[in-house]
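Q: Could you take me through one part of this structure slowly, strand by strand? I am new to this, so please explain the terms as you go.

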Amino acid sequence: MSLATDSRRSPSTASSPLRRGRIPAGFVVLAALGVALVALPLLGLVLRTPWSRIGEILASETALTALRLSLIVATTSAAISFVLGFPLAWVLVRGTFPGKTLVRAVVILPLVMPPVVAGVGLLAAFGRRSGLVGSWLYDWFGIQLTFTTAAAVLAATFVSFPLAVLALEAGLRGLDERLEDAAATLGASRWYVLRRVTVPLMGPQIAAALVLSWARALGEFGATITFAGNLQGRTQTLPLAVFEQLQTDTDAAFAVSMLLIFLAFAVILGLRGRFLR
Amino acid sequence: MTLAVDVTSRRGAFEVRAAFEAEAGRTVALLGPNGSGKSTLVSTIAGLVPPVEGAITLDEAVLDDPANDVHVQPERRPIGVVFQDLLLFPHLSAMDNAAFPLRARGVTKPEARQRASELLARLGLANRADARPRELSGGEAQRVALARALIVEPALLLLDEPLSALDVAARMRVRELVRDELARFPGVRIIVTHDPVEASILAERLVLLEDGRVTQIGTPEEIRSAPRSRYAADLVGVNAVRGFLEPIGEGTGRLISSEGALVTPWPEWYVEGDVVGIVRPIDVTLGPDRPEGSARNVLFGRVTSVAIEGDRARVRLATAPPLVAEVTLGSVERLGLRSGVEVWASFKAVEVELLPP
């Protein structure tokens, strides 16, 4: 029921928008618990972070190497997600073929799959000895993926790809295809339409796809450690560094965690107005 | 230059079959009610909906010929289209919208912008070149769309309902502008409209489209003097009954349609098939009682609407077949004519003019 129809009613019912603002007391308690659930660990991190030593820790060889690797892995992964995700979203939105729903379900699955299972799956596919493709790659070309940066990229892409596809699908769905038709009648080739009409009009969703998949790739842990291992300089990204430091130097673990929080926060701010309203 | 269209196109279950020609220098209007297939036909000519049968040619160039697997893609057709809802690119300025077709053809940005701003200036938009589509008024947006369609000097200009999105004041102004631009455009010009006034002001030749079929082609005068369908008759304000004839006596026939029958003169030229009987509303006499006299056509029915135009009224009747009568305001008062009232309508057999289809 809209406000406009409410306001034309009798005075007693016209007050309903005011009543709508009343929040049940039980909800206030539960909502506060919800906020605490998220805020307490964050607060704990802030309080436990060795602020006096943070510069020294983050400038250390381990942290800098992990940061550099994380940025490379996340950025490469986001780029791959976009390059493969855009055509895939296109096919899923505009194509009609049998099994489309199934394909879509399979592509989205990593989003809800335990990352460690993703890592086991990646081993089964790309592992050197028994991997479906991996053994063949090794036997024929001598290429080994496991324990390489490429494996870290593959693991990060596996888990972040669905986010990119979902965002790009939303962008394509929201696009008025008749604008593309109009562009064609104006002499634009398919490539020109894509470059000058489709992609610019999808700008916000493309940005969202890149940022979300980048952020997800940056935080990837389970699949990476299972499939790529934890080798400093090759596969040890920031989350893996945190995990290792937690057993040796807790101060360092908190400092690096703080860095990840900072990066995540920057992403949220970057997305402000797109998903946060 | 001549565009020859003779196609069947399908969109879902809807089928349009149309054949007509349009010559350079003479504006053709595709005129039809909503849902008659005008937009499908526009999309077919533009190349967006390939026809399933037939052919479209522009002089010697074959644009569509499905029997021989010929379908020229939209971007390769020398056609400028202004769509009904314009479809300006929301992320580009007015100038870049107008320059788009040049840029798509590889013209450099400075040159494309130069030519776009000259054309926008001619259309009275010199000071709006930097505005985005959402900042433009309806009339301004219409002119940008026109500029975008004209900038590459296509061989064919196709305007789909160019004035329908505008308010009354803007419509008058843009209509003049569209008329001027059509007049100076040397190629084939086609406008699509559901408004007969717009069609007769802007076009020299009308193609009437009803329910996916062309029902009549002619100049506005030809259609006015001899409408061939109910829609055409409605457009020009006369009654038209389509059916076949059977003789009922010396020089007299009965026109039998699916909605009722009329007594008519027997035309010497008639052999068989459908004819159209025209009854002018002014010839239909209304009365409260069954008329005595020489009128051979006497019908009884309910009034469905009364529309007053000046000192006369057009009265729609649910007779069989349905009729429109034109009477004086005095008669409206005397007979108490309003919706729901039942009256007798009559007219002579010779007042039914028969036209071969």
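**A close look at the strands of chain B**

A: Let's begin with an open sheet of five strands in chain B, ordered β14-β13-β12-β15-β21 and paired in the antiparallel sense. At its edges stand β14 (260-265) and β21 (352-355) of chain B; each has a single partner strand, so one side of each is left without a neighbour in the sheet. From one strand to the next, the twist averages 45°. Angles like this run from 0 to 180 degrees between N-to-C directions, with axes being lines fitted to C-alpha atoms (for helices, over the stretch in contact).

A word on the terms: strands (E, at least two residues) and helices (H or I, at least four) are DSSP runs, numbered from the N terminus, and two strands pair if DSSP finds at least two bridges between them. Please keep in mind that this is a predicted model: local features need pLDDT of at least 70, side-chain atom pairs count only at pLDDT 80 or more, and totals for chains, interfaces and linings use all residues. Residues are numbered from 1 along each chain as its sequence is written, while chains are lettered from A and ligands numbered from 1 in the order in which they are written.

Back to the sheet. Strand β12 (residues 239-249) of chain B is joined by six bridges to the antiparallel strand β15 (residues 274-279) of chain B. One place to look is Arg242(B), whose bridge partner in β15(B) is Val276(B).

Now move to the start of chain B. There, β1 (residues 2-11) and β2 (residues 14-23) of chain B run antiparallel, with ten bridges between them; in this pair, Ala4(B) stands opposite Glu21(B) of β2(B). The two strands β1(B) and β2(B) make a hairpin with two residues between them, and Gly12(B) in the turn has a positive phi of about 65°. β1(B) also pairs with β4 (residues 53-58) of chain B, antiparallel and over six bridges. Here Val7(B) has Gly54(B) of β4(B) as its bridge partner.

How do these regions fit into the chain? The domain assignment of chain B gives domain 1 (2-225) and domain 2 (237-355), with bounds that come from an automatic or database domain assignment. The C-alpha centres of domain 1 and domain 2 of chain B lie 39 Å apart.

Finally, zoom in on Ala29(B). Leaving out residues up to four places away in sequence, Ala29(B) touches several residues, including Ile191(B), Leu202(B) and Val207(B); contact here means C-beta atoms, placed from the backbone, within 7 Å.

Key: Two residues are in contact if their C-beta atoms, placed from the backbone, lie within 7 Å.
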